[in-house]
Amino acid sequence: MKAYGYRNGDEELIELQEVSIQGSLEELDKIIDFLINVKKLHSSVSGETSVSGETEICHSHLRDWDKDWKNGEMDFIVVTNF
């Protein structure tokens, strides 16, 4: 697994050695729910919509999933290689 990100004010994507998440328990629950949803979407689960096999790489954004997401907040992107 690899993690990538940006320095504030920079547009160069860099590989991160460590990722820290600071937030409330409610925010942590939201990220957990998002990851569970992404796992279902990115895998072959019978009876559910899946992108597995349709593309070599798939990605999902927290900002697209979270109805309460506001412009300027952190986005959390999950990329899956098939």
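This briefing covers the fold, the largest pocket, a surface patch and the salt bridges of one protein. The model is a predicted one. The protein has two helices and four strands, and their order along the sequence is β-β-α-β-α-β. Of its 82 residues, 17% are buried.

**Largest pocket**

- The largest pocket holds about 1500 Å³ of space.
- Its lining consists of 39 residues, and the closest to the pocket centre are Tyr4, Met74, Asp75, Phe76 and Ile77.
- Four elements each give two or more residues to this lining: strand 1 (3-5), helix 1 (25-42), helix 2 (62-65) and strand 4 (77-81).
- By residue type, the lining divides into 18 nonpolar, 12 charged and nine polar residues.

**Nonpolar surface patch**

- Leu25, Leu28, Ile32 and Ile36 make a nonpolar patch of about 380 Å² on the surface.
- Isoleucine 36, one of these residues, is part of helix 1.
- Isoleucine 36 has a relative accessible area of 44%, so it counts as partly exposed, a class that lies between the cut-offs of 20% and 50%.

**Salt bridge between lysine 30 and aspartate 66**

- The protein has three salt bridges by the rule used here.
- One of them joins the side chains of lysine 30 and aspartate 66, with 3.1 Å from N to O.
- This pair links distant parts of the chain, since lysine 30 is in helix 1 and aspartate 66 is in the loop between helix 2 and strand 4, 36 residues apart.
- Lysine 30 is partly exposed because its relative accessibility is 30%, whereas aspartate 66 has a relative accessible area of 11% and is therefore buried, the cut-off for buried being under 20%.

**Salt bridges of arginine 63**

- The side chain of arginine 63 meets that of aspartate 64 in a salt bridge of 4.0 Å, N to O.
- The side chain of arginine 63 also meets that of aspartate 75, at 3.4 Å, N to O.
- The pair of arginine 63 and aspartate 75 links distant parts of the chain: arginine 63 is in helix 2, and aspartate 75 is in the loop between helix 2 and strand 4, 12 residues apart.
- Arg63, Asp64 and Asp75 are thus linked in a network of salt bridges.
- Within this network, arginine 63 is partly exposed because its relative accessibility is 39%, and aspartate 75 is partly exposed because its value is 21%.
- Aspartate 64 has 61% relative accessibility and so counts as exposed, for which the cut-off is over 50%.
- Asp75 also appears among the residues closest to the centre of the largest pocket.

Conventions: Residues numbered from 1 in each chain as written. Predicted model: local features only at pLDDT ≥ 70, side-chain atom pairs only at ≥ 80, totals over all residues. Heavy atoms only, no water. 1 Å grid on protein atoms, 1.4 Å probe; cavity = no way out; pocket = protein on both sides within 12 Å on 5 of 7 lines; lining within 4 Å. Points joined across faces, edges and corners; volume = space filled by probe spheres on them. Nonpolar A, V, L, I, M, F, W, Y, C, P; charged D, E, K, R; others polar. Patch = residues over 30% accessible without salt bridge, like charges linked within 9 Å, V, L, I, M, F, W, Y side chains within 5 Å. Areas by Shrake-Rupley, 256 points an atom, 1.4 Å probe, with all protein chains shown as cover. Buried < 20%, exposed > 50% of the residue type's maximum accessible area, 1.4 Å probe, protein only.
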